[in-house]
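User: Hey, I've got a protein model open and I'm not sure where to start. Can you walk me through it?
Analyst: Sure, let's have a look together.

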Amino acid sequence: ADPSGRAPPPSWCLLLAGWDGQRLPIAVVPLSQPSDGSGALLVHGSQVRPRFAAPLGQAQSVLSIHLSSHGLPRLWALLTGGALASWSLAPPRPFAFPALRPRWPAPPAGPKGG
């Protein structure tokens with residue numbers, strides 16, 4: 001803690017995303033690195049609670065989610081119907097990018113049998 005009694009800001013954080021049936025809540029968990037370099041630890045007293053939620057707008061279901069931390073942090077969600085949604089998680093506020101509708105390849109034809 002510094003002279004003001006506040007803990008120093010964490011050097012790392014863990015981003016967690018989930019799907020609650022309507023939104024994609026995002027939790028930010030502060031981590032600290034011990035002075036011996038042995039790995040990341042949860043900051044004492046930290047709690048895992050969603051800080052914000054990425055809205056989906058229309059009633060859609062999420063098939064898969066991915067958090068990317070390369071460059072600016074981004075959340076990706078594959079939705080029913082094949083749409084691919086993404087949100088920037090960079091400060092000062094997260095924002096949604098327009099949904100993409102990729103042309104997915106057709107699954108390979110399986111053996112015919114009866």
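**A chat about the strands**

Analyst: Let's begin with the contacts: of those in the protein chain between residues at least 6 apart in sequence, 25% join residues at least 24 apart. Keep in mind that this is a predicted model.

User: Okay. How many helices and strands are there in the protein chain?
Analyst: The chain has 0 helices and 8 strands. Going from the N terminus, the order reads β-β-β-β-β-β-β-β.

User: What share of the residues is buried?
Analyst: The chain has 114 residues, and 23% of them are buried. As for the surface, about 8,600 Å² is exposed, with carbon and sulfur atoms supplying 59% of that.

User: Let's zoom in. Which way do β5 and β6 pair?
Analyst: β5 and β6 pair in the antiparallel sense, over 6 bridges. They form a hairpin with 5 residues between them, and Gly71 in that turn has a positive phi of about 70°.

User: I clicked on Ser68. Where is it?
Analyst: Ser68 belongs to strand β5, which covers residues 62-68. Across from Ser68, in β6, stands Arg74.

User: And why does Ser68 count as buried?
Analyst: Because its relative accessibility is 16%, and buried means under 20%. Leaving out residues up to four places away in sequence, Ser68 touches Pro73, Arg74 and Trp76.

User: What about Ile65? Which strand has that one?
Analyst: Ile65 also sits in a strand, namely β5. Ile65 counts as partly exposed, because its relative accessibility is 32%.

User: What does Ile65 touch?
Analyst: If you skip residues up to four places away in sequence, Ile65 touches Ala17, Gly18, Leu24, Leu75, Trp76 and Ala77. You could also check Ile65 against Ala85: they are 20 residues apart in sequence, and their C-alpha atoms are 9.5 Å apart in space.

User: Now β6. Which side chains there point to which face?
Analyst: The side chains alternate along β6, residues 74-79. Leu75, Ala77 and Leu79 point to one face and are buried. Arg74, Trp76 and Leu78 point to the other face and are not buried.

User: And how many bridges join β6 to β7?
Analyst: There are 5 bridges between β6 and β7, and the two strands run antiparallel. Two partners you can find: Leu75 has Trp87 in β7 as its bridge partner, and Ala77 stands opposite Ala85 in β7.

User: What's in the hairpin of β6 and β7?
Analyst: That hairpin has 4 residues between the strands, and Gly81 takes a positive phi near 90° there.

User: Is β7 mostly covered or mostly open?
Analyst: β7 is mostly covered, with 5 of its 5 residues buried. Both faces are covered too: Leu84, Ser86 and Ser88 are on one side, Ala85 and Trp87 are on the other, and all are buried.

User: Pick one of those for me. Why does Ser86 count as buried?
Analyst: Ser86 is at 4% relative accessibility, so it counts as buried. Not counting residues up to four places away in sequence, Ser86 touches Arg74, Leu75 and Trp76, along with Phe95, Ala96 and Phe97.

User: How does β7 connect with β8? How many bridges?
Analyst: β7 and β8 run antiparallel, and 4 bridges join them. One to look for is Leu84, whose bridge partner in β8 is Leu100.

User: Changing topic: how much space is in the largest pocket?
Analyst: The largest pocket holds about 170 Å³ of space.

User: Which residues are closest to its centre?
Analyst: Leu56, Gln60, Leu79, Ala85 and Ala99 are the closest, out of 13 residues that line the largest pocket. The elements that give two or more residues to the lining are β7 (84-88) and β8 (95-100).

User: And by class, what's in the lining?
Analyst: The lining of the largest pocket has 9 nonpolar residues, 3 polar and 1 charged.

User: Nice. Which residue should I remember from all this?
Analyst: Ala85 is a handy one to click on. Ala85 is one of the buried residues of β7, it stands opposite Ala77, and it is among the residues closest to the centre of the largest pocket.

Definitions and conventions. Residues numbered from 1 in each chain as written. Predicted model: local features only at pLDDT ≥ 70, side-chain atom pairs only at ≥ 80, totals over all residues. Heavy atoms only, no water. 1 Å grid on protein atoms, 1.4 Å probe; cavity = no way out; pocket = protein on both sides within 12 Å on 5 of 7 lines; lining within 4 Å. Points joined across faces, edges and corners; volume = space filled by probe spheres on them. Nonpolar A, V, L, I, M, F, W, Y, C, P; charged D, E, K, R; others polar. Buried < 20%, exposed > 50% of the residue type's maximum accessible area, 1.4 Å probe, protein only. Contact = heavy atoms within 4.5 Å. Areas by Shrake-Rupley, 256 points an atom, 1.4 Å probe, with all protein chains shown as cover. Pairing = 2+ DSSP bridges.
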